[in-house]
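Please work through the exercises below with the sequence and the coordinates open side by side, and try each task before reading its solution.

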Amino acid sequence: MAQLTPMMQQYVDIKAQHQDAFLFFRLGDFYEMFFDDAIKAAQELEITLTGRGQGEERIPMCGVPYHSADQYMSRLVEKGYKVAICEQVEDPKVAKGVVKREVVKMLTPGTIMEGKMIREKENNYLASFTIFEDESMGIARCDLTTGEGAVTLIQGGQAELIQELSATGAKELVVSKEVNSELLQELERTLAVTISHEEEAELNGRYVHLVKELTQSKLVTTYARLLQYLIRTQKRSLDHLQKVEWYHAEEYMKLDLHSKRNLELVETLREKKKKGSLLSIVDHTVTAMGGRLIKRWIERPLLNESAIEKRHEAVTVFLEDYFAREELRDELRQVYDLERLAGRIAYGNVNARELIQLKKSLQKIPLIEEMVTKLDPSFQERWFHDQAPFEDLIDLLERSIVEDPPISIKDGGMIQEGFHGELDTYRDASVNGKKWIAELERRERQETGIKSLKVGFNKVFGYYLEVTRANRHLLEEGRYERKQTLTNSERFVTPELKEKEALILEAEEKMEQLEYDLFVMIREQVKEYVPHLQSLAHKISEIDVLLGFATVSEKQHYTKPILQPVGDVFIEGGRHPVVESVIPKGEYVANDVKLYPGREMLLITGPNMAGKSTYMRQLALLSVMGQIGCFVPADRAELPIFDQIFTRIGAADDLASGQSTFMVEMLETQYALAKATECSLILLDEIGRGTSTYDGMALAQAIIEYIHDEIGAKTLFSTHYHELTALADQLEHVQNVHVSAVEENGTVVFLHKVIDGQADRSYGIYVAQLAELPRMVTDRAEVLLRELEGQKQPLPNVIERSIQETQPPQLDEVKEPQRQLSLFGEEITAEERKAQQSKAKKLDPREQQVIKKISEADLLNLSPFEVMKLINDCQQQLK
Ligand SMILES: Nc1ncnc2c1ncn2[C@@H]1O[C@H](COP(=O)(O)OP(=O)(O)OP(=O)(O)O)[C@@H](O)[C@H]1O
């Protein structure tokens, strides 16, 4: 360190304060990185690693040009890193010693405003949490691009914290250094977030108005940390931050992280794509703001009956008038992203083109208001009663900004003529000057007689007269000053040309500066409207989402569900919204779901692939759809308002966590049993299949009994343990249903129809055949199956309700040589069987089939003619 140059010393000092970020250190036209930053950045960005200094002291270094640095910085942020931008903050000409440098801005995943990571239809949230001494937890979130902010206070443990944080969908989490590192690792892993630190902070006085309505000091503290981080990293105006909303987590349906993923609400489980999720089906929004809102709605279904009803009412109205709806959507399509525009206006990075977008959007609003109100007069009160007038703003933009301005705000060309007298004067000067120059060209040609003489301009020499060498002698001596000699021509200036040039250039320079100043002034004026724009954005997005619900409801023939705080499930002709959309039209088999007193738990049996999980998910999805205000895919649907949905479905095996599949299954089940209430919905898919048969069955039964006796939640439980179906006789509220399948000519046809009663077979081997497992495997499996079925005895403790009464097996019973079934079905010892097996191996497949056919024939139920036919078939096969 002692040997560092003063500049490197400066670097090291600044880096010490930004250890968690890549430090982009401005040196002339480059941003340079040194030491470990350089090594890592060279790898991540695939740029050349060089060095500074000599020999052993050579410091690793790499750099990117200043003008293209943005893309390198965003690439790092997209990968979850942070970037600190360090600029020269004094003029090198006046600096004594090393030029002063400072970090002027930080780019982090949760705070960036631009680039690929900012998706139109997604919020970009930064979140923070604080764990208080009484173990309550405060959670805050903020989207810097829209200014939206919200806080909540929750109780519970790590699972609740993860659940609530996951609902924020944050890309970055700001926490105190005191949070234990195991928890942070868990959060990083499960939520894939970047962690940042910020210590406790007093609320910055300038922003007190944002939290005025937060009556709990804990909430203010939680938000203060987030705000402090924004102030520290952004170092610029945060005036667009909206009033912080206090949301009460208990007002929304609780969906834990696993259930949300399992149900594929906003993305698919495996590929993490929107396509194939519930969101992709119900999102028919036409604005970016609507796209973001519907995602938030799906992640937080409502519990309040009248709030849900209000959404349903709007959908009903929108559904009734196809033409009005489509016209309205056409208008909405022309509304730009008001929320993010407002953000950019306040943040100070809006350009003239975006102000035109704002103007065009605002011009649409009166018509939209009129159309919405015409559909239902009460909508006036609902959405537009406190609508701020925007006429003045539209007028200002109309007068000030040209219709098609350039993207850059530095090069002029943005401001309308007539908006500002001084600007117009400069413009005239510039235009007149140019006219004068054109006139000069004509005059000089006439006077010199050189037809090819022309006036040109370049940045180094300014305006000049150009003549070819051949004509050079025609110019009057002494009147022209030579400036530049080219191969075939020469360039001259005259004093009067110089004089005019100075006037024109001065006017242009002043014009650009003045345009910029005027633009900033206009932007400041527009800034006054930011809160009104944000509130308008919210209304527009709500209308957009509800119009979208009406659109999908009509297209897919959804019906309005009848929701009651507590009540029965009564679904007729229900469909799984995603599955029905991917299979050929008309092939989906609609199913009823009925859960009422005496039938609150359904045990679902049925072959593999028959549609058990689809049936279970269908109920959960219909509930979510109903509770976000959408209609549902069913002929008729009465549903209770579920407070929580728990699912243990499918293969969401959490391999990355280092936990076994079975452990994950048990953890999720534990969570459901601990948290579910009478008003919850529990979906358990083949619980217990991850362990040995007896273990699994015993657990499954115990779990069913617990839910039945202790919780009383509505429950769907699918299982392959047919023994469990006997529970329906013992438990008052349990009923059996099964998904039907029929066997026709040796093939199994899945009917996907759910009917009362239990299934008799699983057809697992048949599914294995469909999957084209080697024939030897499936044939052998069939033999083994029969063997096992032959052996079948009542399973201890599983059908009996009391598990405690288990008797250990008697020793002599165990010693008895195990009786097994031969390949031909009679009882034999293990040794005899082995001998048979080795013999059987020598038989060819045709012979084996014949043996199978004969051994399986149910002679007592065949007529003599059928027996003859059987033998005839066998003979044919052996030929
Ligand atoms: N009601 C239905 N109508 C039409 N097709 C259906 C229906 N239900 C399910 N399917 C089709 O059957 C496939 C298998 O369904 P699902 O995964 O629900 O079966 P499962 O009984 O849970 O199987 P397993 O026991 O093997 O897990 C689905 O992917 C879907 O294509």
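The exercises that follow concern a predicted model, and each task is followed by a stepwise solution.

**Exercise 1. Helix α13**

Task: Determine how the end-to-end reach of α13 relates to its expected span, where a kink lies in α13, and which elements cover its buried residues.

Solution. Begin with the length: α13 runs over residues 352–375, which gives 24 residues, and its first and last C-alpha atoms are 35 Å apart, close to the 34 Å expected at 1.5 Å a residue. Next, follow the axis, where a kink of about 30° is found at Ile365, shortly before the proline Pro366. Then list the buried residues of α13, which are Ala352, Leu355, Leu358, Lys359, Ser361, Leu362, Ile368 and Val372. For the spacing of such a list it helps to recall that an α-helix has 3.6 residues a turn, so residues three or four places apart point the same way. Finally, look at what lies over the buried residues of α13: the cover includes α11 (322–333), α12 (338–347), α14 (378–384), α15 (391–400), α17 (495–527) and α18 (530–555).

**Exercise 2. Helix α16**

Task: Carry out the corresponding analysis for α16, and state which residue just after α16 takes a positive phi.

Solution. Helix α16 covers residues 421–448, 28 residues in total, and its reach of 40 Å from first to last C-alpha is close to the expected 40 Å. Its buried residues are Leu423, Tyr426, Ser430, Gly433 and Glu444, and the elements covering the buried residues of α16 include β15 (462–468) and α17. Just beyond the end of α16, the residue with a positive phi is Gly449, at about 75°.

**Exercise 3. The nonpolar cores**

Task: Find how many residues the largest nonpolar core has, which element supplies its largest share, and what Phe549 touches.

Solution. The largest nonpolar core has 119 residues, and those with the most contacts inside it are Ile298, Leu338, Leu546, Phe549, Leu622, Ile682 and Leu683. Its largest share, twelve residues, is supplied by α18. Another core lies apart from it and has 32 residues, including Ala127, Cys142, Ala150 and Leu230. Turning to Phe549, and leaving out residues up to four places away in sequence, one finds that Phe549 touches Val282, Val315, Gly629, Cys630 and Phe631.

**Exercise 4. The shell around the ligand**

Task: Identify which residues come nearest to the ligand and how the shell divides by residue class.

Solution. There are 15 residues around the ligand, of which Asn608, Gly611, Lys612, Thr614 and His752 come nearest. Sorting the shell by class gives six nonpolar, seven polar and two charged residues. Assigning the shell to elements shows that helix α20 (residues 612–628) gives the most, with three residues.

**Exercise 5. Positive phi outside glycine**

Task: For Glu135 and Glu686, decide from the neighbour counts whether each is buried or exposed.

Solution. Glu135 is in the loop between β7 and β8 (137–143), and its phi is near 70°, a positive value in a residue other than glycine. Because Glu135 has 9 C-beta neighbours inside 10 Å, it counts as exposed, the cut-off being 12 or fewer. Glu686 is in the loop between β24 (681–685) and α22 (693–711), and although Glu686 is not a glycine, its phi is positive, at about 50°. With 20 C-beta neighbours inside 10 Å, Glu686 therefore counts as buried, since 20 or more suffices for that class.

**Exercise 6. Two lysines in loops**

Task: Establish where Lys121 and Lys82 lie, and what each touches beyond four places in sequence.

Solution. Lys121 is placed in the loop between β6 (101–107) and β7 (125–131), and it is partly exposed, because 18 other C-beta atoms lie within 10 Å. Beyond four places in sequence, Lys121 touches Ala288, Gly291 and Arg292; the C-alpha atoms of Lys121 and Ala288 are 4.9 Å apart although the two are 167 residues apart in sequence. Lys82 lies in the loop between α3 (69–78) and β5 (83–88), and it counts as buried because it has 21 C-beta neighbours inside 10 Å. With the same exclusion of sequence neighbours, Lys82 touches Asp20, Ala21, Met106, Leu107 and Thr108.

Technical notes:
Residues numbered from 1 in each chain as written. Predicted model: local features only at pLDDT ≥ 70, side-chain atom pairs only at ≥ 80, totals over all residues. Expected span 1.5 Å × (residues − 1). Bend = angle between axes of the 7 residues up to and from the residue. Contact = placed C-beta atoms within 7 Å. Core = buried A, V, L, I, M, F, W, Y, C linked by C-beta atoms within 7 Å. Near = placed C-beta within 6 Å. Nonpolar A, V, L, I, M, F, W, Y, C, P; charged D, E, K, R; others polar.
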